[in-house]
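Visitor: I have a new model open and some time to go through it. Can you walk me round?

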Amino acid sequence: MAPQTEIPVAANVLGTIGTVFWCVQLIPQIWTNYRTKSTTGLPGTMMFLWALCGVPFGVYAIAQNFNIPIQVQPQAFMTLCLVGWAQILIYGSKWPTWKATVLALIVACVFAGVEAALIFTLRPLYEAGNETPVRVIGIIAAILLAAGLLPPYAEMYKRHGRVVGINWIFLSMDWSGAFFSLMAVVTQNTFDVLGGVLYIICAFLELGIFASHLIWLVRTRSIRKQLKKDGKTFDDLLGEYEKRGESWKWAERDLDLGGLKFWARKDKKGEEEEGEGEIEQRDLEKQDVGNSAADAVGRQRDGALDSKMAMAEAHNQNGNAEDTDASTPTMVDGENKAVGRT
């Protein structure tokens, strides 16, 4: 498909609305992460793949000569995604702030350099009539965008459909950005299939996230109603079952995504530290048991020694008594003899 030569006013207006949404949609999520100092439920893989998606997405939009707002859109989207990814490194994986910031800046520079190189390389080919390279770039962008929305589905499966850690204002604005951008592509003189697919995939998968949490709310309404009367939350009840070590229908499923979290160095270290702590605890327990046994043996030895001392003392007292008894007749006999002589 040849690049757009004339952009209708409607396409520019709709594209601008979509760009505004996609330029600020992650701000509520970023603020929530900062305020709670937590990114639980927000997959780092999602943020990274979305940031990576901005590279082919931007190349495709510029090569196709889309309206200016849509050309700016991937750059803003990429920047906000990298900010969110850095927060996940800081709050989720416990990276130092400076290290996560430096890494995010390096990744941003690499992404920008790759995008610029692809634009200068592929745009002349596309304008010359060779559409294949740009079409491949568009397909890669669509795949990355869809792949970025799959990790939240894994988190929802883990929690039986419940959505945790994702700001609903962010999700609503993101869906709106995809919708208005799709309408901008539709109102252009020529509908671009791959450009439309990008926005359709995003809107469809985000609707699935809304639907999943809504279904969870319906399924747990009676439990949450009773918890509200008791002054508790759903997380409080989950914590109680976990503390007691009991299984529950709504307990979180075990889902190991460690292979995808290639940056979660600190989590692994934390697990090792936790294992070391358990070993130390067991050693302390063994030491306490040993000390208790030693104390018991010591007390038993002391008791035996006390018994021996008591027996010796009793034996000495008996010996003294016998000696007294033996000396008494001698004195009497001596007295009797003295009386006789008298």
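**Walking through the model**

Guide: Trp 175 is partly exposed, because its relative accessibility of 26% falls between 20% and 50%. One thing to keep in mind: this is a predicted model.

Visitor: Where does Trp 175 sit, and how far along the chain is Phe 179 from it?

Guide: Both are in helix 8, residues 168-186. They are four residues apart, about one turn of the helix.

Visitor: Is Phe 179 buried or partly exposed?

Guide: Phe 179 is partly exposed, at 33% relative accessible area.

Visitor: Which residues form an aromatic cluster with those two?

Guide: Phe 21 and Phe 180 join Trp 175 and Phe 179 in one aromatic cluster.

Visitor: Let's step back. How many helices and strands are there?

Guide: The protein has 12 helices and zero strands.

Visitor: What share of the residues is buried?

Guide: Buried residues are 37% of the 342 in the protein.

Visitor: And what about the surface? How much area is exposed?

Guide: About 19,600 Å². Carbon and sulfur atoms supply 62% of that area.

Visitor: What share of the contacts is long in sequence terms?

Guide: Take contacts between residues at least 6 apart in sequence. Of these, 82% join residues at least 24 apart.

Visitor: Back to rings. How many aromatic pairs are there?

Guide: The count is 13 aromatic pairs. One of them is Trp 50 with Phe 77, whose ring centres are 5.2 Å apart. Their planes meet at 45°, so this pair is tilted.

Visitor: Where in the chain are those two?

Guide: Trp 50 is in helix 3, residues 44-63, and Phe 77 is in helix 4, residues 68-92. The pair links distant parts of the chain, 27 residues apart. Both Trp 50 and Phe 77 are buried.

Visitor: Why is the pair of Trp 175 and Phe 179 classed as it is?

Guide: Their planes are at 10°, so that pair is stacked. The ring centres are 5.5 Å apart.

Visitor: Which charged residues sit over rings?

Guide: Here are two. The charged end of Lys 37 sits over the ring of Tyr 34, 4.0 Å from its centre. Arg 253 lies over the face of Tyr 157, at 4.3 Å from the ring centre.

Visitor: What is the backbone like at Lys 37?

Guide: Lys 37 has a positive phi of about 55°, although it is not a glycine. Most residues other than glycine have a negative phi. Lys 37 lies in the loop between helix 2 and helix 3. Its relative accessibility is 43%, so Lys 37 counts as partly exposed.

Visitor: What is phi at Lys 94?

Guide: Phi of Lys 94 is near 60°, again a positive value in a residue other than glycine. Lys 94 is in the loop between helix 4 and helix 5.

Visitor: Thr 39 next. Where is it, and what does it touch?

Guide: Thr 39 is in the loop between helix 2 (27-36) and helix 3. Leaving out residues up to four places away in sequence, Thr 39 touches Asn 33, Gln 87, Ile 88, Tyr 91 and Gly 92. Thr 39 is buried, at 7% relative accessible area.

Visitor: And Thr 220, buried or exposed?

Guide: Thr 220 is buried, with a relative accessible area of 0%. Its place is the loop between helix 9 (193-219) and helix 10 (221-229). Beyond residues up to four places away in sequence, Thr 220 touches Phe 234 and Trp 250.

Visitor: Any voids? How many cavities of 30 Å³ or more turn up?

Guide: A search of the whole structure finds two. The largest cavity holds about 50 Å³ of space.

Visitor: What lines the largest cavity?

Guide: The lining is Arg 159, His 160, Arg 162, Trp 216, Phe 234, Leu 238, Trp 250 and Glu 252. Phe 234 and Trp 250 are also the contacts of Thr 220 just mentioned.

Visitor: Now pockets. What is the volume of the second largest?

Guide: The second largest pocket has a volume of about 320 Å³. Of its 15 lining residues, the closest to the centre are Glu 242, Ala 251, Glu 252, Arg 253 and Asp 254. Helix 11, residues 234-244, gives the largest share of the lining, five residues.

Visitor: Last one. How far is Ala 108 from Ala 51?

Guide: Their C-alpha atoms are separated by 8.7 Å, with their positions 57 residues apart along the chain. Ala 108 is in helix 5, residues 97-127. Ala 108 is partly exposed, with a relative accessible area of 25%.

Note on methods
Residues numbered from 1 in each chain as written. Predicted model: local features only at pLDDT ≥ 70, side-chain atom pairs only at ≥ 80, totals over all residues. Heavy atoms only, no water. Buried < 20%, exposed > 50% of the residue type's maximum accessible area, 1.4 Å probe, protein only. Contact = heavy atoms within 4.5 Å. Areas by Shrake-Rupley, 256 points an atom, 1.4 Å probe, with all protein chains shown as cover. Phe/Tyr/Trp six-rings, centres within 6.5 Å; stacked < 30°, edge-to-face > 60°. Lys NZ or Arg CZ within 6 Å of the ring centre and 35° of its normal. 1 Å grid on protein atoms, 1.4 Å probe; cavity = no way out; pocket = protein on both sides within 12 Å on 5 of 7 lines; lining within 4 Å. Points joined across faces, edges and corners; volume = space filled by probe spheres on them.
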